[in-house]
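Please open the structure in your viewer and keep the selection panel at hand, since each stop on this tour begins with something to select.

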Amino acid sequence: MSGTPIIEIRDFCKTYGKDVAVDGISFTVHTGEIFGLLGPNGAGKTTTLECLEGLRSPTSGTLQVAGLNPAAEFHKLRNVIGVQLQSAGLPESITPEEAMRFFCAYHGVAPRMELLEEMGLQDKRKAQFYDLSAGQQRRLVLALAIAHSPKILFLDEPTAGLDVASRVELHDRMRKLKSSGTTIILATHDMAEAADLSDRVGIMLRGKLVTIGTPLEITATGAGLTRISVRTQGGSLLSRDVIFPAVQKQMERDEYIIYYSVDIGSTVSAIIEYVNGHQDSLVDMRVERPSLEDRFLEITGAGDTR
Amino acid sequence: MNAFLHHFSFEFRTGVRNKQLLLMNYLFPLGFYLLMGFIMPQINPPFRETLVPAMVVFAILSATLLGIPDPLVTARENGVFRSYKINGIPAVSILLIPALTTILHLVIVSGLILVTAPLLFQAPLPQNWLNFLAVFGVMLLACAGISVLIGVVSANSRMTVLWSQIVFVPSMLLGGLMMPYNLLPKFAGKLAQLLPATHAMNAFSGLAMGGTADFSPWGSVIVLLVTGLLSFGLAWYLFCWDSRNTTRRGSVWMAFLVLVPVLVGMFLFE
């Protein structure tokens with residue numbers, strides 16, 4: 001990823017008493033990119049974001065956000081960053097219109113009511129926050145986070161609990177922000193979201209950054225097992241101890257037999273030859289390269305190969 | 001200034017829009033006032049003389065102690081303060097604005113009591129309005145400050161209720177609202193002097209209503225003033241932005257320093 005570094009983290013550690021939340025991580029985020037920060041619960045993502053946002057101070061190491069030290073220069077930082085916290089972070093009785101006036105006033109900018117319209121909240125301008133749906137609440141918080149046109153936007157689980165349509169809308173909004181030059185740091189549990197939106201991804205585990213790169217790079221550096229799911233008319237592959245070249249694991253699910261191969265070409269041609277040779281025919285064959293989720297599970301050791 | 005006004009405007013409307021706050025700011029004090037006004041003078045005719053100050057003090061206790069702390073704790077627990085911090089809303093606004101808007105609601109409620117009490121219950125009005133306003137002001141300051149302090153140091157909503165009731169219930173029983181201070185046993189009287197309500201009733205009686213004070217009325221004004229300033233100062237010092245309390249500067253036990261003015265007042269103002 002080319003571009004000017006806008007966030008620089010060097011040897012960053014954060015401890016709470018004896019608990020080490022973040023253990024000496026270093027990485028850089030470039031201007032205009034969407035950077036996905038992934039990891040299981042307790043990996044240190046939120047602590048990292050909170051230190052970058054100036055909500056907490058690092059125990060050691062250096063953090064630079066748009067050239068500012070978040071803890072020491074918080075009053076300058078708040079005009080550079082926009083934050084959508086994991087929790088809603090708004091009073092229950094506030095209306096979208098009041099919230100927009102209120103937050104913009106503290107940022108010293110004119111209220112941007114057009115953002116409420118863009119976020120589909122024009123009919124809910126006078127509704128209280130707790131009367132909004134989860135999707136509307138998320139959109140309002142996002143509208144408030146971008147109302148002062150921040151250079152950097154921090155999104156912590158932005159689509160958690162949203163229905164499909166709301167997720168798609170929010171993803172479109174994130175892409176628009178990226179195209180307008182906003183740098184986005186996205187902490188999420190949703191691998192599909194991270195793979196779809198992020199230019200680069202960092203995976204954290206127990207306070208350490210275990211891998212970083214584009215989603216393609218990360219999926220390519222794993223065990224490299226490609227999943228080949230096959231279903232035949234006569235079921236000639238089922239319950240047979242046939243061993244195909246380059247296959248490292250195989251399993252049956254419903255009427256499919258699933259092979260995990262390190263060499264797609266040789267495995268696929270051997271399967272076809274075998275099926276034809278047994279007077280059977282293919283009904284379905286799917287070849288799927290490892291997803292970011294597969295790689296994530298492999299790294300975090302949290303799941304078995306499906 | 002613009003930001004302050006938007007914040008104030010929102011908080012003031014919340015005081016009516018939120019059902020719990022509407023109850024504590026208006027319905028409970030005014031309902032209790034009407035109930036006491038209709039019943040108590042029949043049972044105890046001298047109660048009419050203290051109806052106005054007693055019901056004003058009750059309104060202050062209700063709106064501040066029962067209305068201010070819980071929303072502060074809930075907002076902190078829900079991450080509202082973190083959101084405020086990120087958007088540059090200062091701690092002093094978070095602490096002062098709910099107190100100021102509650103004070104404005106109390107001015108309205110007290111105005112209603114002052115206007116209707118002579119008409120409905122033949123209750124006497126203050127003889128010295130300036131002193132009445134001064135005592136009203138320092139009582140508002142003291143109770144709002146204590147309430148904000150309770151909201152800041154309470155770990156959760158249940159603790160908020162406990163701390164608020166520790167002040168509210170004895171104030172009702174011993175504060176001179178229902179029973180005159182001079183009828184209390186000596187020990188109970190000393191205990192009562194720990195309560196802002198006792199000082200307010202003493203000062204109202206001695207300085208505004210034309211009655212006699214049981215101990216130094218100006219001493220009570222000073223105790224309330226210092227208690228109010230000290231509790232706001234402690235609340236600001238002990239304030240933390242999040243529920244993990246990692247940003248708190250001192251121990252929550254420091255909050256008990258708020259008792260210093262009343263303890264000193266016990267010995268200085270006999």
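Before the first stop, one convention is needed: two helices whose angle is under 35 degrees count as roughly parallel, over 145 as roughly antiparallel and 65 to 115 as roughly perpendicular, while the rest count as oblique. Please also keep in mind throughout that this is a predicted model.

Begin by selecting H1(B), together with helix H6 of chain B, residues 91-121; the axes of these two helices come within 9 Å and cross at roughly 50°. H1(B) and H6(B) are therefore oblique to each other, and their crossing is right-handed. If you now show side chains, you will find Phe4(B), His7(B), Phe8(B), Glu11(B), Phe12(B) and Gly15(B) on the side of H1(B), where they meet residues of H6(B) that include Ile97(B), Pro98(B), Leu100(B) and Leu104(B). Sorted by class, the contact of H1(B) with H6(B) has seven nonpolar, six polar and one charged residues.

Next, select the whole of chain B and colour it by secondary structure, which comes to 12 helices and zero strands. The radius of gyration of chain B is 18 Å, close to the 18 Å that the globule rule gives for 270 residues, so chain B is as compact as a globular protein of that length. Along its principal axes, the C-alpha trace of chain B spans about 55 × 40 × 35 Å.

With chain B still selected, add chain A and turn to the place where the two chains touch. How many residues does the contact take from chain B and from chain A? The contact takes 20 residues from chain B and 20 residues from chain A. On the side of chain B that touches chain A, the elements that give two or more residues are helix H1 (2-17) and helix H5 (80-86) of chain B, and the largest share, seven residues, comes from H1(B). By class, this side of chain B has six nonpolar, 11 polar and three charged residues.

Now hide chain B and look at chain A, which is divided into domain 1 (5-220) and domain 2 (226-289). The centres of domain 1 of chain A and domain 2 of chain A, taken over C-alpha atoms, are separated by 44 Å.

For the last stop, select helix H5 (residues 134-146) and helix H6 (residues 164-179) of chain A, which pack at an angle of about 10° with their axes 10 Å apart. That angle makes H5(A) roughly parallel to H6(A), and H5(A) passes H6(A) in a right-handed crossing. Here Gly135(A), Arg138(A), Leu142(A) and Ile146(A) in H5(A) meet Ser166(A), Leu170(A), Arg173(A) and Leu177(A) in H6(A). The contact of H5(A) with H6(A) has, by class, four nonpolar, two polar and two charged residues.

Methods:
Residues numbered from 1 in each chain as written. Chains lettered and ligands numbered in written order. Predicted model: local features only at pLDDT ≥ 70, side-chain atom pairs only at ≥ 80, totals over all residues. Contact = placed C-beta atoms within 7 Å. Helix = DSSP H or I, 4+ residues; strand = E, 2+ residues; numbered from the N terminus. Nonpolar A, V, L, I, M, F, W, Y, C, P; charged D, E, K, R; others polar. Domains from an automatic or database assignment. Axes fitted to C-alpha atoms, helices over the stretch in contact; angles between N-to-C directions. Left-handed = near helix turned anticlockwise from the far one by under 90°. Rg over C-alpha atoms; globule rule 2.2 N^0.38 Å.
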